[in-house]
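Student: I'd like to go through this one and press you on the wording. Can we check the labels against their cut-offs as we go?

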Amino acid sequence: MTPQRGGIFFIPRSNPPGNPHFVAGPHPVIASAPGICQNSPVTNKFYAPGQSRAARVNDLFAAIAPRYDLINDLQSFGLHRHWKRRLVRLAAPRTGERALDLCSGTGDLAFALARKGIAAVGLDFSEPMLAVARKRLQSSSSGSTRPVSFLRGDASRIPFADASFDIVTIGYGLRNLADWQMGLGEMNRVARPGGRLLALEFGKPDNPLWRKIYFAYLRLCVPLFGRLFCGDADTHGYILESLSHYTAQNGVATAMRELGLRNVRILNFLGGVMSINYGEKPRTGT
Ligand SMILES: C[S@@+](CC[C@H](N)C(=O)[O-])C[C@H]1O[C@@H](n2cnc3c(N)ncnc32)[C@H](O)[C@@H]1O
């Protein structure tokens, strides 16, 4: 790892041959993933199934990075801050623990975990998003009492050894991975026995009418933020496109159980519009 200014470290895009932490996909442990709509037609230029998925996602976050935080506040009416606080409370950080936040973006969750007094690492593959995190790190506004560092790297091939972290989080990230099962498998791999895994993400409400209303908001209103602030409606039309192809909270809970996690829970907000998936890696011998 080569240190860069502002606490950012650069991780090579691809793992060197023979890296023992490389996990080839699709992840072998997870057998089923209900709720995926593999066959929906794709209409958004930032969503590409298959090999070019990551490159398009990278283009997307390069385009929106400077406005990401502002639009997040506007489109969620500020509620994403509340949901992130709930995630950190649920993670229950304890003195001396270490946390890894995947797809850390501009750093909200990494900073929030560090404010609880634990060391936190944020990992993201978008340099422009990391640049915003770096600015926040240099200013005093993050208010962290413990060290926070940011690494450039791929959440599907986490550049850390097995059992390195007590808490592994991902906020609005799993939906963006080319292979979310592989990402979840990686989260499990780097968690210590007894460690907690948490994923905050857009959900799919069970109630069909509520789901229709919410999807209408994502289809008709949210793209306007993209058009207004980024000059491109597709940047935020991407949310509905990617969500339509994603398993969401129920599928992630099933996958967590299949991985052998304990105390698997779903916290739904606003009738399932937003959700947190929670699971604990079993302690050895339990
Ligand atoms: C919607 S943002 C979420 C940012 C932040 N976690 C939050 O909650 O506000 C998604 C982030 O995931 C990152 N990302 C997407 N795919 C990734 C991957 N395979 N590896 C690392 N980061 C990835 C993007 O660069 C982007 O910063």
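Tutor: Sure, let's start with a helix: in α5, the buried residues are Met-129, Leu-130, Ala-133 and Arg-134. Buried means under 20% relative accessible area, exposed over 50% and partly exposed in between, with a 1.4 Å probe and protein chains only. This is a predicted model, so local features need pLDDT of at least 70 and side-chain atom pairs count only at pLDDT 80 or more, while totals for chains, interfaces and linings use all residues. Residues are numbered from 1 along each chain as its sequence is written, and side-chain values use heavy atoms, with hydrogens and water left out.

Student: How do you know that the buried residues of α5 line one face of the helix?

Tutor: Look down the axis of α5: its buried residues fall within an arc of 145 degrees, so they line one face. The arc is that of the directions from the helix axis to the C-beta atoms. On the other side of α5, Lys-135 and Gln-138 are exposed.

Student: What makes the span of α5 agree with the expected one?

Tutor: The expected span of a helix is 1.5 Å times one less than its number of residues. The twelve residues of α5 (127-138) should therefore span 16 Å, and the end C-alpha atoms are 16 Å apart, which agrees. As for the name, helices (H or I, at least four residues) and strands (E, at least two) are DSSP runs numbered from the N terminus. The chain has ten helices and nine strands.

Student: And which residues of α1 are buried?

Tutor: They are Arg-53, Val-57, Asn-58, Leu-60, Phe-61 and Ile-64. They cover an arc of only 160 degrees around the axis, which puts them on the same side of α1. Their cover includes α2 (68-75), α5, α8 (222-230) and α9 (234-244).

Student: Why is His-236 called buried?

Tutor: His-236 has 6% relative accessibility, so it counts as buried. Its place is in helix α9. Contact means heavy atoms within 4.5 Å; leaving aside neighbours within four places in sequence, the contacts of His-236 include Ile-64, Ile-71 and Gln-75.

Student: Why is Leu-79 called partly exposed?

Tutor: Its relative accessible area is 30%, so Leu-79 falls in the class between buried and exposed. Leu-79 is found in helix α3 (residues 79-91). Its C-alpha atom is 10.0 Å from that of Met-274, 195 residues apart along the chain.

Student: Which residues come nearest to the ligand?

Tutor: Of the 19 residues around the ligand, Tyr-68, Cys-103, Asp-124, Ala-155 and Gly-171 come nearest. A residue is near a molecule or strand if one of its heavy atoms lies within 4 Å of it. Helices α1 and α2 each supply at least two residues of that shell.

Student: What makes Asp-124 a polar contact of the ligand?

Tutor: A polar contact is a pair of N or O atoms within 3.5 Å. A polar side-chain atom of Asp-124 lies 2.6 Å from an oxygen atom of the ligand, a pair that fits the cut-off. A nitrogen atom of the ligand is also 2.8 Å from a polar backbone atom of Ala-155. The protein covers 97% of the 610 Å² of accessible area that the ligand has on its own; such areas come from the Shrake-Rupley method with a 1.4 Å probe, and for residues only the protein chains shown count as cover.

Note on methods
Polar contact = N/O pair within 3.5 Å; in protein donor to acceptor, adjacent residues only side chain to side chain.
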